[in-house]
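User: Could you walk me through reading a model like this one? I'd like the general idea first, then the case at hand.

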Amino acid sequence: MQMLWPIMVVVAANTLYHICAKQTPEGLNAFASLGMTYFVAMVASLVMFFATATDKNIGHELAKVNWTSLIFGISIVALEFGYLNVYRVGWKVSTVSLVANIALAVILLVVGVLVYKEAITLRQVIGMAVCVVGLVLIGK
């Protein structure tokens, strides 16, 4: 169960995420929508911090922040902006995540090998090839 519950959270949250992204009004400026989204996320994060932290001094935690939070924030805004627009240009909710996540899996496999020196197996190479073939088939 320790390995299962986090992936269940990811799947449930991603399901809601894509439904919300697909249902965001087209006439709404994407960045106004994202601003409200991140305001709610900030409030929820603060509530969860105080509910879970043993040391309630948020300043102590913020002092530990490094460059990754800045880049993480920028990448999340770019991700959300991309998903809002991918739906606005007509992608189907049934294929967007599949195509994006297959492409992401292939890229992260390469990043894992080149940047993090992770071992790559023949099974992973075959899996990557199958994914690429899948992307081609979905695109037709």
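**Helix packing and confidence**

Analyst: H2 and H4 are oblique to each other, where oblique means any angle outside the ranges under 35 degrees (roughly parallel), over 145 (roughly antiparallel) and 65 to 115 (roughly perpendicular). This is a predicted model: local features need pLDDT of at least 70 and side-chain atom pairs 80 or more, while totals for chains, interfaces and linings use all residues. Residues are numbered from 1 along each chain as its sequence is written, and side-chain values use heavy atoms, leaving out hydrogens and water.

User: At what angle do H2 and H4 pack, and how far apart are their axes?

Analyst: In general, two packed helices are described by the angle between their axes and the distance between the axes. Here the angle is about 130° and the axes lie 10 Å apart. Residues of H2 including Phe31 and Leu34 meet residues of H4, among them Phe81 and Leu84.

User: Is threonine 24 buried or exposed?

Analyst: Buried means under 20% relative accessible area, exposed over 50%, partly exposed in between (1.4 Å probe, protein chains only). Threonine 24 is buried, at 16%, and sits in the loop between helix H1 (4-23) and helix H2 (30-52).

User: Which side chains meet in a salt bridge?

Analyst: The term asks for a side-chain nitrogen of Lys or Arg within 4 Å of a carboxyl oxygen of Asp or Glu. Glutamate 61 and lysine 64 form one, at 3.0 Å from N to O. Glutamate 61 is partly exposed (32%), whereas lysine 64 is exposed (58%).

Note on methods. Helix = DSSP H or I, 4+ residues; strand = E, 2+ residues; numbered from the N terminus. Axes fitted to C-alpha atoms, helices over the stretch in contact; angles between N-to-C directions. Contact = heavy atoms within 4.5 Å.
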